[in-house]
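Visitor: Please take one part of this model and look at it closely. I would like a connected account, from the local backbone out to the surroundings.

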Amino acid sequence: VQLQASGGGLVQPGGSLRLSCAASGSIFAVNGMGWYRQAAGKQRELVATITSGGVTNYVDSVKGRFTISRDNAKRMVYLQMNSLDSEDTAVYYCYARAMPRSNGKWDNYWGLGTLVTVSS
């Protein structure tokens, strides 16, 4: 199972970005998906998660600004980020809880991350 995130970049405060992440490989099923982030010198923190049924969860600091969504058929998860500020600067990692066809076991898989920089 491989996860590939894209959509990061440099944006001015108040701007928007949309992150995308695709799960690929020989996958039998995907359950929860989501995004974490890690700012320089800080621990990785949960940003948002979404179940296969569409139930979402957000860290308080992004509620009302970020929206997570997914396309189950394409095995993709998205993060729409609005009203960005400097505190959102971080490497964003997508993850998926998936079952590969090779072993039939659920496990957590991570992408390499995409850098989001909010600066004027």
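Guide: Arginine 75 lies in the loop between strand E7 (66-71) and strand E8 (76-81). This is a predicted model, and the account that follows is centred on E8 and its neighbours.

Start with the backbone of that loop. E7 and E8 form a hairpin with 4 residues between the strands. Within this hairpin, arginine 75 takes a positive phi near 55°. Arginine 75 is not a glycine, yet its phi is positive. Most residues other than glycine have a negative phi. Arginine 75 is partly exposed, because its relative accessible area is 26%, which falls between the cut-offs of 20% and 50%.

Now the other end of E8. Serine 83 is found in the loop between E8 and E9. Its phi, near 50°, is again positive in a residue other than glycine. Serine 83 is partly exposed, with a relative accessible area of 44%.

Between these two loops runs E8 itself. Of its 6 residues, 5 are buried, so the strand is largely enclosed by the rest of the structure. Which strands pair with E8? E7 is joined to E8 by 6 bridges, and the two run antiparallel. Phenylalanine 66 stands opposite methionine 81 in this pairing. Strand E3 (residues 17-24) also pairs with E8 in the antiparallel sense, over 6 bridges. There, alanine 22 has methionine 76 of E8 as its bridge partner.

In a regular strand the side chains alternate between the two faces of the sheet. Leucine 79 shows where one side chain of this region finds its company. Leucine 79 touches Leu17, Arg18 and Leu19, among others. Its contacts also include Phe66, Thr67 and Ile68. Further contacts of leucine 79 include Trp35, Val47, Ala48 and Tyr92.

That leads to the core. The largest nonpolar core holds 31 residues, and Trp35, Leu79, Met81 and Tyr92 touch the most other members. The elements that give two or more residues to this core are strand E1 (2-6), E3, E4, E5, E7, E8, E9 and E11. E9 supplies the largest share, 5 residues. In soluble globular proteins, nonpolar side chains tend to be buried together.

Follow E4 and E9 next. Strand E4 (residues 27-38) and strand E9 (residues 90-100) are antiparallel partners over 9 bridges. Arginine 37 has tyrosine 92 as its bridge partner in E9. Tyrosine 92 is thus a bridge partner here and also one of the core residues that touch the most other members.

E4 has another partner as well. It is joined by 5 bridges to strand E5 (residues 45-50), again antiparallel. Glycine 34 is bridged to threonine 49 of E5. E4 and E5 form a hairpin with 6 residues between them. In that turn, glycine 41 has a positive phi of about 75°.

One last site also touches tyrosine 92. Threonine 114 sits in strand E11 (residues 114-118). Threonine 114 is buried, because its relative accessible area is 11%, under the cut-off of 20%. Its side chain reaches the backbone nitrogen of glycine 8 at 3.2 Å. Threonine 114 touches Ala5, Ser6, Gly7 and Gly8, among others. Its contacts also include Leu19, Ala90, Val91 and Tyr92. Leu19 and Tyr92 appear among the contacts of leucine 79 too.

Note on methods
Residues numbered from 1 in each chain as written. Predicted model: local features only at pLDDT ≥ 70, side-chain atom pairs only at ≥ 80, totals over all residues. Heavy atoms only, no water. Pairing = 2+ DSSP bridges. Buried < 20%, exposed > 50% of the residue type's maximum accessible area, 1.4 Å probe, protein only. Polar contact = N/O pair within 3.5 Å; in protein donor to acceptor, adjacent residues only side chain to side chain. Contact = heavy atoms within 4.5 Å. Core = buried A, V, L, I, M, F, W, Y, C linked by side-chain atoms within 4.5 Å. Lists of a residue's contacts leave out its neighbours within four places in sequence.
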